[in-house]
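Subject: Structure handover

Hello,

Here is the structure I promised to pass on. Please look it over first; my notes follow below.

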2 protein chains.
Amino acid sequence: MIPSEETDVLERPVRDRSQTEARIRAAAKAVLAEDGFKAFGINAVARRAGCDKQLIYRYFGGLSGLIETVGGDLGTWVREHIPEDSGGMFLLTYGDLMERLALLFLDALRADPLVRQIAAWELAEESDEVRRLSEARSRALAGWIDRMKGSLQPAKGVDATVTNAVILAAIQQLVLASVTSGRFAGVTLKSEKDWDKVRGALKRVVHGVYG
Amino acid sequence: MIPSEETDVLERPVRDRSQTEARIRAAAKAVLAEDGFKAFGINAVARRAGCDKQLIYRYFGGLSGLIETVGGDLGTWVREHIPEDSGGMFLLTYGDLMERLALLFLDALRADPLVRQIAAWELAEESDEVRRLSEARSRALAGWIDRMKGSLQPAKGVDATVTNAVILAAIQQLVLASVTSGRFAGVTLKSEKDWDKVRGALKRVVHGVYG
DNA sequence: CCCGCTCGTCACCGGGCGGTGAGTAGGAAG
DNA sequence: CTTCCTACTCACCGCCCGGTGACGAGCGGG
């Protein structure tokens, strides 16, 4: 292959620090989302960003700093992916609210490989970096729940926090399992029909506890 | 350190193939359970077993064969860890049955690091070996449910398979999250008091859907 | 023009990984 | 005692990892 002027121009480094930093950040998210946390590392990110790994050390102080930056970006994930309002519905009961929250969470998690990988990472490894990542995600989600529920209160005698955790845990587990194995506990999780069944079960569960 | 006769005896190889195979199998489970699936590999297992990794290739045909063997042993896990009978209770309703199943599954999973690691592994990676491992676990669990439920039937109109999957998914996710991060969705999962809250929420959920 | 600073690259290090071929030790059979 | 088979070990390969020190390339300010 004869090097043309165009490739020469394209392969020339940008020499713009902020732009390069952005490229590295984007590459980090892409590697994590597409190749999984197992493949996540200095070399993989640098390769993806098309620059030398030394720049990651210079600009972010190594992997941990880069992860921290990604976690910072993640704070906006909830706002980007889950609608803030009630979608034009009048949520009469706490059960209605939780049903809507559960279904939104299900679809949002299914659609976002980056957050899925972070969730799976959290289950696989305990390190400070991962912990900070998942804590950012967890805090954002909790804040969103608080904001959304407004003045609605569950029936007395029901520990809403723990019950909601159970429901969200079920959703997260099913979504994570669907990606890698496509099934859980004898239930296939592939087609949209499968997910409709899950939605139905979730609705029944939610209204079973909250009325 | 002067080599004593005792250490000499202890470090001497066993020269008994079946016994060495058993040592390797035990080492594999120990590495997986204690160090996690990330650390699982030929070198780690051989180091743990105190023999050369070559033996793993010779006796098991490499890592995949060894994993398969572990999966085979896993088929007996359910029978070992979850009681077959109804614990002297008369399970009058399907809801009672599922409550008991849920609580048993919760405790069994909390107590078994090996199975926890396999479950986490399944969420982190998609490979044939891991798939076979988790399928063995899944099949065993499903068979146990079938055996236990006997002739009890849930209320009509409720998809018991999917609903049960939702409940088991919640339990698995909460247990896995508790090990690495000690919390999920704002709920701390450390003390037995925390788990009592979870048990309460699970009971409410189960009897909410099944009556 | 050249200095100096920043952006970027390259080569290299030690170490752990999965994988393999060649060689050793030790007990049973003759 | 020798033979032979089997259990077992050792040394080595190539690869990729995270991490670092030294070197060039380009651009703005004197």
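Which helices each supply at least two residues of the surface near DNA strand D? From chain A, they are α3 (42–49) and α4. From chain B, they are α2 (17–35) and α4. Please keep in mind that this is a predicted model.

**DNA strand D**
There are 20 residues around this strand. G41(A), N43(A), P13(B), R17(B) and T20(B) come nearest. By class, the surface near DNA strand D has 8 nonpolar, 6 polar and 6 charged residues.

**DNA strand C**
Again, 20 residues surround the strand. Those that come nearest are P13(A), R17(A), C51(A), G41(B) and N43(B). Four helices each give at least two residues to the surface near DNA strand C. Chain A contributes α2 (17–35) and α4 (53–60). Chain B contributes α3 (42–49) and α4 (53–60). The class split here is 8 nonpolar, 6 polar and 6 charged.

**Symmetry**
Chain B can be laid on chain A with an RMSD of 0.1 Å. That takes a turn of 180° and a shift of 0.0 Å along the axis. The two copies are therefore related as by a two-fold rotation axis. The same surface serves both copies: of the contact residues of chain B, 100% recur in chain A.

**Contact between the chains**
Chain B gives 43 residues to the contact, and chain A gives 43 residues. On the side of chain B that touches chain A, the elements with two or more residues are α8 (113–124), α9 (128–149), α10 (160–180) and α11 (192–210). The largest share of that side comes from α10(B), with 15 residues. The residues on this side of chain B divide into 23 nonpolar, 12 polar and 8 charged.

**Core**
The largest nonpolar core has 113 residues. V166(A), I171(A), V166(B) and I171(B) have the most contacts inside it. Which residues of chain A is V166(B) in contact with, leaving aside its neighbours within four places in sequence? They are A170(A), V198(A), A201(A), L202(A) and V205(A).

**A26(A)**
A26(A) lies in helix α2 of chain A. Is this residue buried or partly exposed? A26(A) is partly exposed, because 15 other C-beta atoms lie within 10 Å, and a buried residue needs 20 or more. A26(A) and V205(A) are 179 residues apart in sequence. In space, the two are 39 Å apart, C-alpha to C-alpha.

Best wishes

Technical notes. Residues are numbered from 1 along each chain as its sequence is written. Chains are lettered from A and ligands numbered from 1 in the order in which they are written. This is a predicted model: local features need pLDDT of at least 70, side-chain atom pairs count only at pLDDT 80 or more; totals for chains, interfaces and linings use all residues. A nonpolar core is a set of buried Ala, Val, Leu, Ile, Met, Phe, Trp, Tyr and Cys residues joined through C-beta atoms within 7 Å. A residue is buried if 20 or more other C-beta atoms lie within 10 Å of its own, exposed if 12 or fewer, and partly exposed in between; C-beta atoms are placed from the backbone. Two residues are in contact if their C-beta atoms, placed from the backbone, lie within 7 Å. A residue is near a molecule or strand if its C-beta atom, placed from the backbone, lies within 6 Å of it. Ala, Val, Leu, Ile, Met, Phe, Trp, Tyr, Cys and Pro count as nonpolar, Asp, Glu, Lys and Arg as charged, and the others, Gly among them, as polar. Copies are superposed by least squares on the C-alpha atoms of residues with pLDDT of at least 70 in both.
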